Amino acid sequence: MPIENLVQKGVVIGDGAFGTMLYQKGVFINACFEELNLTKPDLIREIHTEYAAAGCDFLETNTYAANSIKLAGFGLADKVEEINMRGAELARECAGESLVAGSVGSASTASDAAESDNYLDDVRRAYAEQIAALDKAGVDLLVFETFADVNAMLAALDAAADNTDRKIIATLRPALNWRERGAERIKSALARVAERENVFACGFNCGMGPSDMLELLDETRELTDKPFCIQPNAGLPQNVDGRSIYMCTPEYMAEYSKRMYEKGADIIGGCCGTTPEHISEIAKAVKGVSKADQKARVYSVKASGQDEKLEKPVVPLEERSLVGRKLANNDFLTTVEITPPRSISLESTAEKAEKCRAAGVDAINIPDGPRASFRQSALATAVRIKQAGISPILHVCSRDKNIISLQSDMLAAASMGINDMLFVTGDPPKVGDYPDATGVFDVDAIGMARMARMLNSSRDIAGSEVPDATKMTIGVGVNPGANDFEREIERYKMKVEAGAEYCVTQPVFDLDTFFRFTDAISGYEIPVIAGIWPFTSKRNAEFMANEVPGIVVPKELIDRMGKADNKEDAAKTGIDIARESIEAIRDKIAGLAVSAPFGKVDLAISVIQ
């Protein structure tokens, strides 16, 4: 599939460092890495195969410095065509369904430019020879990478214009002190590259780690509407016993890659220090999120064309359920979250629900495979809880089911009188016990909210008539502490426009974060149900702060939990903190969704009472 089609379908994953891998496999740093295409082809195949297995959409050829200027230093200037063509051939043998990208690296340094009057003419000729060879070898696209000198990049693009019509990804190497040197300088360089007609995608690689690269991306993404490519190093190299070691873990880079995608990166890979392990984690982390966004976009378009067909009036909110009536009448709603068990029996779950009902709790929240875990069916659990005499709020996660199954489950729930729904996109499989499981993500929470709205009006997502209208209350999840706050607010508004009638927040610990959220949704208000999590220990507070993405826990709360003398005191302190949070936000919320940590519903009930 051509690179432009891949980008249209979602985020594209590139490979990682080739030189790093060769070094790790025993090749000396002063060797000519590109010559290994001829002398050690099995080693090159081995690395390509590892990257292909990691989930790359394209493999870069081992031809980064395979130009006459660089090869001349090894006495190989006469082997430009042979090395490049062999490099493309080896990548093709290992690529499978991945594309093959011809790697073209910088042919010179700033000192070369200063010492040579014919600098640009020389590099242009060198690039022309290399590009012609890669084109002849039949690569699918070209990647011009690690160019610190924008004039050299433009010379390479000139050479490409005369020798190939392949799509080009052109990435500049930013200086770590780019702000000190003047932000406008790097912005100008990127703009000059982006305006070239033969540049398909542009961006940055090398020079800095993921954190700094994310900041640079945020500063420059708006400069072009072309696809944006980001390939950071695995941090900055550290000297360990005389070796340069890159310290960023695969998981760390994966988390930042998700943020890069959220900030507008279309093509994500790695540079110095990255390995197949890094790329594998990046692919798992980003592909699922991207797939959800893309599928939601597709079905949103399909559904929006049917909106004018929503002719049948829906059942009024107050007539759909107890939850709907409370929301419609501005009566404070209290709910407790009980996670389905990892067993066949639901009796213990039902007993907890009955205890909540006896304590005056209005409804039970039922997560659907939280943290991508294997558990009893949320729908079956909802049925049993309804039998226990208390209203269930069924969470519906799009991670594991396609749009056919999702709509079928909504009809099934309606047939059993379960009308209260909370739609969440869901955690990607990689965070759970089955990291290699396939995430479906046909739609996200926005798409599901629209789907529910249409079923409430006797239409399915395709616009076809359904005989019986459902009576779902349409809830969605929100995260006031999201890493990309602006994107979270934008998605919140899209959820409201799609049909959301109330929202449930992630657990609230930091009051400033919560108030920032409520201020930002002005004009799009729907009832806000505040998520509340009573800490059970300092360790539990630290886990929420460090291991749950998007959760902000002030240090003073962690320190306060640490002062508890025993388990009972810790539980009391956790309840007190939760109650204080509720008191502080009481006039901004329509109800509570209190979690029962480790299934301890007594803690949740104590918070509510």
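User: How does the radius of gyration compare with that of a compact globule of 609 residues?
Analyst: A compact globule of 609 residues would have a radius of gyration near 25 Å, and the protein has 28 Å, which agrees. Please bear in mind that this is a predicted model.

User: And what does the C-alpha trace span along its principal axes?
Analyst: The C-alpha trace spans about 85 × 60 × 45 Å along those axes.

User: How many helices and strands are there?
Analyst: The protein has 25 helices and 18 strands.

User: What share of the residues is buried, and what is the accessible surface?
Analyst: Buried residues account for 56% of the 609. The accessible surface comes to about 25,900 Å², and carbon and sulfur atoms contribute 47% of that area.

User: Of the contacts between residues at least 6 apart in sequence, what percentage join residues at least 24 apart?
Analyst: The figure is 78%.

User: Turning to the interior, which residues of the largest nonpolar core touch the most other members?
Analyst: That core has 75 residues, and those touching the most other members are Leu22, Tyr127, Phe144, Val193, Phe204 and Met260. Helix H9 (residues 150-163) supplies the largest share of this core, with nine residues.

User: What is Leu22 in contact with, leaving aside its neighbours within four places in sequence?
Analyst: Leu22 is in contact with Val27, Phe33, Leu36, Leu43, Ile44, Ile47 and Asn62.

User: Which residues does the second core include?
Analyst: The second core is separate and has 66 residues, among them Phe423, Val476, Ala500 and Phe514.

User: Met260 came up earlier; which residues of H13 are buried?
Analyst: Met260 is one of them, together with Pro250, Met253, Ala254, Tyr256, Ser257, Lys258 and Tyr261.

User: How far apart are the end C-alpha atoms of that helix, and what span should it have?
Analyst: The end C-alpha atoms of H13 (residues 250-262) are 19 Å apart. At 1.5 Å a residue, its 13 residues should span 18 Å, which agrees.

User: What about Gly264, just after H13?
Analyst: Gly264 takes a positive phi of about 115 degrees.

User: New topic: how many salt bridges does the structure hold?
Analyst: It holds 35 salt bridges. One of them joins the side chains of Asp57 and Lys287, with an N to O distance of 2.7 Å.

User: Where do Asp57 and Lys287 lie?
Analyst: Asp57 is in the loop between helix H4 (41-54) and strand S2 (58-60), whereas Lys287 belongs to helix H14 (residues 276-304), so the pair ties together parts that are 230 residues apart in sequence.

User: Is each partner buried or exposed?
Analyst: Asp57 is buried, at a relative accessible area of 15%, and Lys287 is partly exposed, at 30%.

User: Which residue forms a salt bridge with Asp121?
Analyst: The partner is Arg124, and the closest N and O atoms are 3.0 Å apart. Both residues are in helix H8 (residues 119-137), three residues apart, and are thus separated by about one helical turn. Asp121 is partly exposed, with a relative accessible area of 38%, and Arg124 is also partly exposed, with 28%.

User: Why does a spacing of three or four places matter in an α-helix?
Analyst: An α-helix has 3.6 residues a turn, so residues three or four places apart point the same way.

User: Which residue pairs with Lys572 in a salt bridge?
Analyst: Lys572 pairs with Asp576, the closest N and O atoms being 3.0 Å apart. The two are four residues apart in helix H24 (residues 567-585), about one helical turn. Asp576 is partly exposed, with a relative accessible area of 22%.

User: Which residues are joined into one network by salt bridges that share partners?
Analyst: That network joins Asp42, Arg45, Arg86, Glu89 and Glu93.

Terms used:
Residues are numbered from 1 along each chain as its sequence is written. This is a predicted model: local features need pLDDT of at least 70, side-chain atom pairs count only at pLDDT 80 or more; totals for chains, interfaces and linings use all residues. Side-chain values use heavy atoms; hydrogens and water are left out. The expected span of a helix is 1.5 Å times one less than its number of residues. Buried means under 20% relative accessible area, exposed over 50%, partly exposed in between (1.4 Å probe, protein chains only). A salt bridge is a side-chain nitrogen of Lys or Arg within 4 Å of a carboxyl oxygen of Asp or Glu. The radius of gyration is taken over C-alpha atoms; the globule rule is 2.2 Å times the number of residues to the power 0.38. Contact means heavy atoms within 4.5 Å. Accessible areas come from the Shrake-Rupley method with a 1.4 Å probe; for residues, only the protein chains shown count as cover. A nonpolar core is a set of buried Ala, Val, Leu, Ile, Met, Phe, Trp, Tyr and Cys residues joined through side-chain atoms within 4.5 Å.
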